[in-house]
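Student: I've got this model open on my screen and I'd like to talk it through. Can you take me round it, one question at a time?

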Amino acid sequence: MTVFRAWLGRVANLLGVAATAVAASAAAPPDGAPDRKPNFVIIFCDDLGYGDLGCYGNPTINTPTLDRMAAEGQKWTSFYAGAPVCTPSRAALLTGRVPVRSGMMSDERRVLFPNSRGGLPASEWTIAELLKQAGYATAAIGKWHLGHLPQYLPTAHGFDYYFGIPYSNDMDARPGFPNYLRRARLDPRYLAPIQQFNVPLMEGTRVVERPANQLTLTRRYTEKAIEFIREHRNEPFFVYLAHNMPHIPLYASEPWLGRSRRGLYGDVVEEIDAGVGRILAALRELGLQRRTLVVFTSDNGPWLPFATHGGAAGPLRNGKGTTFEGGMRVPGIFWGPGLVQPGVQMGLGSVMDLLPTFCRLAGVELPDGLQLDGYDLSDVLRGTVKDSPRDRLFYWRQEQLYAVRLGPWKAHFITQGSYGIGPKRTEHDPPLLYNVETDPGERFELSQRHPELLRRLKEIAAEHVRSIQPVPNQLER
Ligand code: MG
């Protein structure tokens, strides 16, 4: 009890409230339901790089909310997206499985497009479907990109409510649209007319606005999330808030537009940061801050060719589309004053770990026979265990395993740049070997020095590949 009180005191200091008040609220939650299951909020950005937040070292983008969230919660420095591009990365997050298991990655089409006929198969279990079994209210707000036909929308995958653009915000570009890339390279504040991207905004399974007014998208997504939280304050809820930003074309609303020293990209990230602040404030106001786990992360690394309209990978190599660290290692912040022991976690984590972690915290049993690639991080988050249970990570690009990480070691079997930024596709035998703890920029190649490690990494990779069962490809339909 003494240790518990001391811990409460530390949390209380961070929050600026009296320890006795925290102890009282822990003993008798405001709504009088002490055994209520925790709520979950995932805030998932599109193409936000590892180096785009103040707390991850960005010198000009101002992110006071996320910096505070990281200080009050856990900041993970080796947290990974499930793939280097949008569609497979989102499939990985929601299913806890490498996307090649669900047919959600392809050598021919890297993501789903408005003319695609496929989507996340009904046979997959999503976080929302599993939490629904335990009585959760569920909402998906924002970018979906797992199939826009009715049978693939969020409402067919365990979400009670959906509001958002069903794919990327640069799709449905009108014919004759001037080259965004060319304009972006010339002007860090270039704002494309919204009519040039005829993307639909949906509520449930209905299109409610087209083209979506993307200027106000981030603000409206934030407000929808808060509205859902308020409506469901008296029952456990799961909100999956997947911002379309900061994927190009970039848009922000007043008063953020024109404000950041980092240009329009900075405006966009600062508006997202302020939105996170509004969500955390709403949770505090409703007395739900001690029973809600908020996770902030990104679907892949920065889209580098878009110059100042793309983000930054900080010290990591390359960006979106690649299996270098910059393509898949992303910010990973866990916040929840009653659930998360504050600190910096340097062990491995992945968006695929969210499904088993949430299920454990919610007391949901995993379906028999479900082959997961996620690990339960709940003990690390609570601080009862120091080291992450995840010791390995598999870097898939389309339908091929390009690299594997075990502890600090990473072996590349294939390397390839993306979107016109090198290097060319090269197969490596022996694989390239880097220590990505001492060398996060993957600059110093060590394969000659550690042949025994390479053998081990190759074995792990082969074992993982053997575990993949062939399934119909959803992106090529
Ligand atoms: Mg993306």
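Student: Let's start at the metal: what kind of site does the magnesium ion have, going by the angles among its six donor atoms?

Tutor: First, a word on the source: this is a predicted model, where local features need pLDDT of at least 70, side-chain atom pairs count only at pLDDT 80 or more, and totals for chains, interfaces and linings use all residues. Residues are numbered from 1 along each chain as its sequence is written, and side-chain values use heavy atoms, with hydrogens and water left out. Now, six donors count as octahedral if opposite ones are over 155 degrees apart and all others between 65 and 115. Here the angles run from 53 to 158°, so the label for the magnesium site is irregular.

Student: Which residues coordinate the magnesium ion?

Tutor: Donors are N, O and S atoms within 2.8 Å of the metal (3.2 Å for Na, K and Ca), and since water is not among the atoms, sites may look incomplete. The distances here are 2.1 to 2.7 Å, and D299 is listed with two OD entries. The residues are D46, D47, C86, D299 and N300.

Student: How many residues apart in sequence are the parts that C86 and N300 tie together?

Tutor: Along the chain the donors follow the spacing D-D-x38-C-x212-D-N. C86 sits in helix α4 (residues 86–95), while N300 is in the loop between β8 (292–298) and α9 (325–328), so the pair links parts separated by 214 residues. For the element names, helices (H or I, at least four residues) and strands (E, at least two) are DSSP runs numbered from the N terminus.

Student: Are C86 and N300 buried or exposed?

Tutor: Buried means under 20% relative accessible area, exposed over 50%, and partly exposed in between (1.4 Å probe, protein chains only). By that rule, both C86 and N300 are buried.

Student: Moving outwards, how much area do domain 1 and domain 2 bury between them?

Tutor: The domain assignment, which is automatic or from a database, gives domain 1 as 2–23 + 37–390 and domain 2 as 394–466. Their contact (heavy atoms within 4.5 Å) takes 28 residues from domain 1 and 27 residues from domain 2. Buried area is the accessible area (1.4 Å probe) that two parts lose on being put together, summed over both. With 54% of it on carbon and sulfur atoms, the area for this pair is about 2,400 Å².

Student: Which residue forms a salt bridge with K410?

Tutor: A salt bridge needs a side-chain nitrogen of Lys or Arg within 4 Å of a carboxyl oxygen of Asp or Glu. The count between domain 1 and domain 2 is one. For K410, the closest N and O atoms are 2.8 Å apart, and the partner is E325.

Student: Which residue does a cis peptide bond join to G422?

Tutor: Omega for that bond is about 0°. The residue you want is in the loop between β13 (409–415) and β14 (426–435), and its name is P423.

Student: What is the phi of Y419?

Tutor: Y419 lies in the loop between β13 and β14. Y419 is partly exposed, with a relative accessible area of 33%. Although Y419 is not a glycine, its phi is positive, at about 50°.

Student: And what is the relative accessible area of H145?

Tutor: H145 has a positive phi near 65°, and its place is the loop between β3 (137–142) and β4 (161–164). H145 is buried, with a relative accessible area of 1%.

Conventions. Four donors count as tetrahedral if all angles lie between 85 and 135 degrees; four count as square planar and six as octahedral if opposite donors are over 155 degrees apart and all others between 65 and 115; anything else is irregular.
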